[in-house]
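Q: I am new to this structure and would like a close look at one part before anything else. How many disulfides does a search of the whole structure find, and what surrounds that part of the picture?

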Amino acid sequence: MSASIWRRPDGGASNDLAAFDALCAERAEATGFVRSVLGEALGRTIAAWERAAASSRAPHVLIAAGFHGEEAAGPWGVLEFLGSTPPDLLDRAHLVLLPLVNATGFAAGQRLNALGENPNRGYGAARGDDRPSAEGEVLLSHSARLAEAGRDGVLSCHEDRWLRHAYVYSFESGPPGAFSRSLVETAARWFAVAPDGEIDGCVVRDGLIHNHYDGSFEAWLSECGAAVAACIETPGEADFARRVQAQAALMRTFVEMRVAESALR
């Protein structure tokens with residue numbers, strides 16, 4: 001299978017791991033995030049970047065990206081989010097970022113890791129026969145920390161490589177609410193939304209696949225008690241720079257919605 005690699009607006013390649021690492025550290029540190037290492041998978045450390053809120057009553061939210069190596073707009077979207085989000089919004093949430101989970105897949109422009117494992121399967125009660133990847137083992141070893149980090153909301157940032165439509169997997173108690181709809185509305189500002197029907201055997205309605213538990217990272221943290229969770233899917237056939245900008249916009253909407261909901265408590 002050929003690698004999925006795009007040209008970034010600055011001229012670099014989307015799978016340039018060294019450039020990503022350097023820019024991630026620069027932007028995260030400039031905005032007050034502190035790095036910690038969760039562990040090592042396939043010779044690569046998996047880092048978490050954390051920024052405390054101005055108030056202890058602020059929501060705890062987790063944003064994770066880079067589970068699949070051919071979905072490069074997610075990790076680069078985290079960097080765009082860091083560089084474009086107003087500091088006053090960052091101050092209003094306790095944020096934990098996992099900018100890049102599957103580094104070997106990212107560097108190769110391939111979906112799976114270097115061992116052919118899927119880093120977004122093998123989690124939680126719905127994993128079935130799927131076993132966690134090397135990266136998944138690291139994340140599972142920090143289950144309590146990640147559950148706390150995402151107790152008020154989890155966002156997992158993905159792309160559908162062969163589509164021109166955007167859609168969202170959402171997890172809420174009951175039917176889709178304002179949280180789910182706001183993410184679809186934001187995606188619709190950037191791309192056409194997937195029509196009603198099926199994607200990968202899942203029913204899509206109004207741009208949403210709702211409460212589909214499949215052993216993914218986001219489904220697992222929903223099982224662990226996250227108030228809400230979502231997996232955003234930007235279209236891999238669209239312009240790369242636009243996908244990166246859309247990912248960052250979706251991250252901002254996610255944080256804004258969790259902050260607004262928290263203020264109502």
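A: A search of the whole structure finds 0 disulfides, a disulfide being a pair of cysteine sulfur atoms within 2.5 Å. This is a predicted model, in which local features need pLDDT of at least 70 and side-chain atom pairs count only at pLDDT 80 or more, while totals for chains, interfaces and linings use all residues. Residues are numbered from 1 along each chain as its sequence is written, and side-chain values use heavy atoms, with hydrogens and water left out.

C24 has no bond because the closest cysteine sulfur, in C157, is 13 Å from its own sulfur, which is too far. C231 is likewise in no disulfide, with the nearest cysteine sulfur, again that of C157, 8.2 Å away. C24 has a relative accessible area of 5% and is buried, a word used here for under 20% relative accessible area, with exposed meaning over 50% and partly exposed in between (1.4 Å probe, protein chains only). C231, at 2%, is buried as well.

From these buried cysteines one can turn to the nonpolar cores, where a core is a set of buried Ala, Val, Leu, Ile, Met, Phe, Trp, Tyr and Cys residues joined through side-chain atoms within 4.5 Å. The largest has 49 residues, and those that touch the most other members are I63, W76, L95, L155, L183, F254 and V255. The most is given to this core by helix α9 (residues 240-263), with 9 residues; helices (H or I, at least four residues) and strands (E, at least two) are DSSP runs numbered from the N terminus. If neighbours within four places in sequence are set aside, L183 is in contact (heavy atoms within 4.5 Å) with L155, V168, A230, L250, T253 and F254. A second, separate core of 32 residues includes A149, Y167, F171 and A219.

W76 also leads to the aromatic rings, since 10 aromatic pairs are found in the whole structure. One of them joins F20 and W76 edge-to-face, at 5.2 Å centre to centre and 90 degrees between the planes, and this pair links distant parts of the chain, F20 in helix α1 (residues 17-30) and W76 in helix α2 (residues 73-84), 56 residues apart. Rings of Phe, Tyr and Trp (its six-membered ring) pair if their centres lie within 6.5 Å, with planes under 30 degrees apart counted as stacked, over 60 as edge-to-face and the rest as tilted. Both F20 and W76 are buried. Elsewhere, F67, Y123, F217 and W220 are linked into a cluster by ring pairs.

Two arginines are placed over rings, a term that requires NZ of Lys or CZ of Arg within 6 Å of the ring centre and within 35 degrees of the ring normal. R242 has its charged end over the ring of F191, 5.9 Å from the centre, and R243 lies over the face of W6, 4.2 Å from the ring centre.

A last look goes to the backbone. Most residues other than glycine have a negative phi. D200, in the loop between β7 (197-199) and β8 (202-204), has a positive phi near 50 degrees and, at 66% relative accessibility, is exposed. N211, in the loop between β9 (208-210) and α8 (217-223), has a positive phi of about 50 degrees and is partly exposed at 28%.
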